[in-house]
Amino acid sequence: MLLKDHLLPFAFGDRSHGDLGEDVLEIGPGPGLTTDLLRGDLAKLTAIELDPELASALSGRLKGTNVDVVEGDATAMPFESARFTGAMTFTMFHHVPTAELQDRLLGEIFRVLRPGGLLVASDSVASDDLAALHIDDIYNPVDPATLSDRLGTIGFADIEVETNSLGWRCHARRSP
């Protein structure tokens, strides 16, 4: 399985899922493929999904588990500040239509993380092949060369960005 064997090991690197703490936020889970793979390793997981149909389906499927699904816009999250011990997002950032909204999303992640909370994020790097797959969809890939500065401007610390031929990963902590 591509997610289990490649995407998640790359995204987490030498960190474990437990490094995210006991109250974790997943941003943009879509149908919940990564949610399914990670929820067994996490005490409590909250997933915020913009698409009403995807949020409803995921919520119904995971009712009674350790996952709470919230339909909402991650650029204006309905959560109190400093709630989550960790946050994660996978192959979602390129669906955010502008760099300004991507930065607003990163700012919201910063706001809802507790001081010292870890962000684990990954996405693909820009390519003509991926652009072709997004003809009727938003495709605004993040340039990983800019990510460290963007995160630092927001206030994140201990920022690590790594790339390979297919994607980038980022680990960053909310500064105190």
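These legends cover close-up views of a predicted model.

**View 1. Seven strands make one open sheet.** The strand order is E3-E2-E1-E4-E5-E7-E6. Pairing is mixed. Strands E3 (67-71) and E6 (156-163) stand at the edges. Each has a single partner strand, so one side of each lacks a neighbour in the sheet. Neighbouring strands are turned against each other by 15° on average, direction ignored.

**View 2. Strand E6 pairs with strand E7 at one end of the strand order.** E7 spans residues 167-174. The two strands run antiparallel, joined by six bridges. Threonine 163 has tryptophan 168 in E7 as its bridge partner.

**View 3. Helix H4 packs on the sheet.** H4 covers residues 99-112. The helix touches strands E1 (23-27), E4 (84-90) and E5 (113-124), along with E6 and E7. The direction of H4 makes about 145° with that of E5.

**View 4. Helix H6 also packs on the sheet.** H6 is formed by residues 144-154. Its contacts are with E5, E6 and E7. The directions of H6 and E6 make an angle of about 170°.

**View 5. The largest pocket has a volume of about 1,100 Å³.** Its lining comprises 42 residues. Phe90, Thr91, Met92, His95 and Asp123 lie nearest the pocket centre. By class, the lining has 23 nonpolar, 14 polar and five charged residues.

**View 6. Helices and strands both supply the lining of the largest pocket.** Helices H1 (2-12), H2 (33-38) and H4 each give at least two residues. So do strands E1, E2 (44-49), E5 and E7. H1 gives the most, with five residues.

Definitions and conventions
Residues are numbered from 1 along each chain as its sequence is written. This is a predicted model: local features need pLDDT of at least 70, side-chain atom pairs count only at pLDDT 80 or more; totals for chains, interfaces and linings use all residues. Side-chain values use heavy atoms; hydrogens and water are left out. Two strands pair if DSSP finds at least two bridges between them. Helices (H or I, at least four residues) and strands (E, at least two) are DSSP runs, numbered from the N terminus. Axes are lines fitted to C-alpha atoms, for helices over the stretch in contact, and angles run from 0 to 180 degrees between N-to-C directions. Contact means heavy atoms within 4.5 Å. On a 1 Å grid over the protein atoms alone, a cavity is a set of points where a 1.4 Å probe fits but cannot get out, and a pocket is an open set with protein on both sides within 12 Å along at least five of seven lines; lining residues have an atom within 4 Å of a point. Grid points are joined across faces, edges and corners, and a volume is the space filled by probe spheres set on the points. Ala, Val, Leu, Ile, Met, Phe, Trp, Tyr, Cys and Pro count as nonpolar, Asp, Glu, Lys and Arg as charged, and the others, Gly among them, as polar.
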